[in-house]
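I am keeping these notes as I go through a structure that is new to me. Each entry says what I looked up and what I found.

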Amino acid sequence: MKPTTRDRLVLPILLPVGILVALAAALWGFSRILLGIHGSPATAVALVVAAAILVVSALAASRPQVRGSTIGAVIGGTAGIAMLAGGIALAVVAADEGEHPPGPQEPGGAVPLVAQDIAFDPTMLTVPAGQPFTIAFDNRDAGIQHNMVIFDNPDFSGPPLFDGEIVTGPIQVDYDVDPLEAGTYYFYCVVHPNMTGQIEAVEEPGGGEGPEPGGPGAGEGPVVAAMNLAFDTDTIELPADAPTMITFDNQEAVPHNIAIYSDDSLRELLFQGDIVTGPTTIEYEIPPLPAGEYYFQCDVHPNMNGRVVVGGGG
């Protein structure tokens, strides 16, 4: 290299720019490591790397002449120490999380809800109606704030029924929610309103009103299952002029119900069952219907439908 080129271009311009680019790349990569770790491991990694930079820089400065190879060795040594310390810390954190996986703490206890990549998972939750419950909230988005707020309407208007604390991930917290009456509720993240979901508060078996299956005033009826966005039958047969129970078995984690109409024009609603998210089983008490042929469908997925034949048809 010509001395003039080195003195006029490399040393005053290219060398400082190159150093700045190298520092920016090292800082960005190191920040990714620290964001993937939280708590004491992140602090330990930062201290180890800072000490390594001081030691390596002191050794380089003690040399009689600092050359390009010396600078490269300083950068390479610092990056190697950062990756080694970060890898060890990540391995320790991963092992610790493996011993305490997220999810319900007890069967029938906490309901798991994950916030990751600016989205909720799952977006459909089922909780017991009339009972307090706990949401095990797992914010997995590093350095990003999330929470969960529950409303009784899809417009998220009016006062919320529950307003969870905003937390910065990665972190796991428990939200203790007061009892909700049976029905459908809606939740979102106040920081990211595009993150939304739905809650079904469902009466537990035996907790609802009305006669029990096979009890006075109710006859035993058919079992209808829903799976893969389809009913397992396109015909439901019921006795005429008598109350009957339909046992509905929703076998998938998707909201479904059974509603009975006078015909496929949906002109007159004769019965509408509660929407439930599976896997779950619910019993619908069907009021007495005159002999004839009717129409049933899932109100959430109207393509799931069929006919109800009462008293052998009409």
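**Entry 1. Salt bridges.** I looked up the salt bridges first and found three in the structure. The model is predicted, so I take each pair as the model draws it.

I began with Asp138, which forms a salt bridge with Arg140, and the closest N and O atoms are 2.8 Å apart. Is Asp138 buried or exposed? Asp138 counts as buried because its relative accessibility is 6%, and the cut-off for buried is under 20%. Its partner Arg140 has 38% relative accessibility and therefore counts as partly exposed.

Next I took Arg267, whose salt bridge is with Asp263; here the closest N and O atoms lie 3.1 Å apart. Arg267 is exposed, at 64% relative accessibility. Asp263 has a relative accessible area of 23%, so I noted this residue as partly exposed.

The side chains of Glu293 and Arg307 also meet in a salt bridge, at 2.9 Å from N to O. This pair links distant parts of the chain, with Glu293 in strand β20, Arg307 in strand β21, and the two positions 14 residues apart. Glu293 is partly exposed at 46% relative accessibility. Arg307 is partly exposed as well, at 37%.

**Entry 2. The strands around β21.** The last pair led me to ask how β20 and β21 run. Strand β20 covers residues 292–297 and is joined to β21 by six bridges, in the antiparallel sense. I picked out Phe296, which stands opposite Gly306 in β21.

Which strand pairs with β21 in the parallel sense? I found strand β13, residues 235–238, which pairs with β21, residues 305–310, over four bridges. Within this pairing, Ile236 has Val308 in β21 as its bridge partner. As a reminder to myself, strands of a sheet pair through backbone hydrogen bonds, either parallel or antiparallel.

**Entry 3. A five-strand sheet.** I then traced an open sheet of five strands, and I wrote down its order as β3-β11-β10-β6-β7, with mixed pairing. β3 (124–128) and β7 (162–163) stand at the edges; each has a single partner strand, so one side of each is left without a neighbour in the sheet. I followed β3 to β11, and the two run parallel with five bridges between them. Leu125 has Ile199 in β11 as its bridge partner.

**Entry 4. A nonpolar patch.** I looked at the surface and found a nonpolar patch of about 200 Å², made by Ile166, Val190 and Val191. Val191 sits in the loop between β10 (183–188) and β11 (196–202). Val191 counts as partly exposed because its relative accessibility is 32%.

**Entry 5. Backbone details.** I checked the peptide bonds before prolines. A cis peptide bond joins Asp121 and Pro122, with omega about 0°. Pro122 is in the loop between β2 (120–121) and β3. The bond from Gly278 to Pro279 is also cis, with omega near -5°, and Pro279 lies in the loop between β18 (276–277) and β19 (280–286).

I also looked for positive phi angles outside glycine. Asn228 has a phi of about 55° although it is not a glycine, and its place is the loop between β12 (223–226) and β13. Asn228 is exposed, with a relative accessible area of 61%. Leu229 likewise has a positive phi of about 55° and lies in the loop between β12 and β13. Leu229 is partly exposed, at 42% relative accessibility.

**Entry 6. The whole chain.** I left the totals for late. The protein chain has three helices and 21 strands. Of its 314 residues, 33% are buried. I noted an accessible surface of about 17,600 Å², with 58% of this area belonging to carbon and sulfur atoms. Among contacts between residues at least 6 apart in sequence, 62% join residues at least 24 apart.

**Entry 7. Confidence.** Finally I looked up the confidence of the prediction. The mean pLDDT of the chain is 79, and 65% of the residues reach 70 or more. Over residues 96–108 the pLDDT stays under 50, and the model gives this stretch 10 contacts beyond four places in sequence. Residues 206–219 also have a pLDDT below 50; I noted 18 contacts in the model for this stretch beyond near neighbours in sequence.

Terms used:
Residues numbered from 1 in each chain as written. Predicted model: local features only at pLDDT ≥ 70, side-chain atom pairs only at ≥ 80, totals over all residues. Heavy atoms only, no water. Pairing = 2+ DSSP bridges. pLDDT = per-residue confidence, 0-100. Contact = heavy atoms within 4.5 Å. Patch = residues over 30% accessible without salt bridge, like charges linked within 9 Å, V, L, I, M, F, W, Y side chains within 5 Å. Areas by Shrake-Rupley, 256 points an atom, 1.4 Å probe, with all protein chains shown as cover. Salt bridge = Lys/Arg side-chain N within 4 Å of Asp/Glu carboxyl O. Buried < 20%, exposed > 50% of the residue type's maximum accessible area, 1.4 Å probe, protein only.
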